[in-house]
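Subject: A structure to look through, with notes

Dear colleague,

I am handing over a structure that I would like you to look through at your own pace. Please open it first, and then read the notes that follow with the chain in view.

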Amino acid sequence: MTRKYEMTIGGRTVTASSYTEIRNPSTGAVVGLCPVGTTEHLEQAVAAAEKAFATWRHSSDQQRKDACTTIAKVVTDHAPEL
């Protein structure tokens, strides 16, 4: 079964009305379906980013370092899947 991916905007899952195929470049096999975002999705994402930045901009260097370390660990832990 082909995995159908969704968008995340402002911490919420957002479903698209259309999707495009994701293909394995070496085999050409379809490995997933990627949502096609609209201008409205983009505007929602920008608004969510601006809202998040209002808090994030006041975080300390240590808080930002900790967040980056956490992200790196998640990426490393899921490297085979990615």
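Let me begin with the two strands that make a convenient starting point: E4 and strand E5, which covers residues 30-35, run antiparallel and are joined by five bridges. Please keep in mind throughout that this is a predicted model. Two of the pairings between these strands can be followed by name, since Thr20 has Cys34 of E5 as its bridge partner, while Glu21 stands opposite Leu33 in E5. Together E4 and E5 form a hairpin with six residues between them, and in the turn you will find Gly28, which has a positive phi of about 80°.

E5 also has a partner in E1, to which it is joined by two bridges, and here the strands run parallel. In this pairing, Arg3 has Gly32 in E5 as its bridge partner. Put together, these strands give an open sheet of three strands in the order E1-E5-E4, and the pairing is mixed. Strand E1 (3-4) and strand E4 (19-23) each have a single partner strand and stand at the edges, so one side of each is left without a neighbour in the sheet.

Turning to the chain as a whole, the secondary structure comes to two helices and five strands, and the pattern along the sequence reads β-β-β-β-β-α-α. The C-alpha atoms fill a box of roughly 45 × 35 × 20 Å along the principal axes. For a compact globule of 82 residues one would expect a radius of gyration near 12 Å, whereas this chain has 16 Å. Buried residues make up 10% of the 82 residues. If you take the contacts between residues at least 6 apart in sequence, 36% of them join residues at least 24 apart.

Two residues are worth following in detail, beginning with Ile9, which has its place in strand E2 (residues 7-9). Is Ile9 buried or exposed? Its relative accessibility is 7%, and because the cut-off for buried is under 20%, Ile9 counts as buried. Not counting residues up to four places away in sequence, Ile9 touches Val14, His41, Gln44, Ala45 and Ala48. The C-alpha atoms of Ile9 and Val46 are separated by 9.0 Å, although these residues are 37 residues apart along the chain.

The second residue, His41, is found in helix H1, which spans residues 39-56. His41 is buried as well, with a relative accessible area of 12%. Which residues is His41 in contact with, once its neighbours within four places in sequence are left aside? They are Met7, Ile9, Val14, Thr15, Ala16 and Val36, and you may notice that the contact with Ile9 appears in the list for Ile9 too.

Finally, there is the matter of pockets. The largest pocket has a volume of about 160 Å³, and the residues that line this pocket are Arg3, Tyr5, Ile22, Val31, Glu81 and Leu82. Sorted by class, the lining has four nonpolar residues, two charged residues and no polar ones. Arg3 is a residue you have already met, as the bridge partner of Gly32 in E5, and this may help you to find the pocket from the sheet.

With best wishes

Note on methods: Residues are numbered from 1 along each chain as its sequence is written. This is a predicted model: local features need pLDDT of at least 70, side-chain atom pairs count only at pLDDT 80 or more; totals for chains, interfaces and linings use all residues. Side-chain values use heavy atoms; hydrogens and water are left out. On a 1 Å grid over the protein atoms alone, a cavity is a set of points where a 1.4 Å probe fits but cannot get out, and a pocket is an open set with protein on both sides within 12 Å along at least five of seven lines; lining residues have an atom within 4 Å of a point. Grid points are joined across faces, edges and corners, and a volume is the space filled by probe spheres set on the points. Ala, Val, Leu, Ile, Met, Phe, Trp, Tyr, Cys and Pro count as nonpolar, Asp, Glu, Lys and Arg as charged, and the others, Gly among them, as polar. Two strands pair if DSSP finds at least two bridges between them. Helices (H or I, at least four residues) and strands (E, at least two) are DSSP runs, numbered from the N terminus. Buried means under 20% relative accessible area, exposed over 50%, partly exposed in between (1.4 Å probe, protein chains only). Contact means heavy atoms within 4.5 Å. The radius of gyration is taken over C-alpha atoms; the globule rule is 2.2 Å times the number of residues to the power 0.38.
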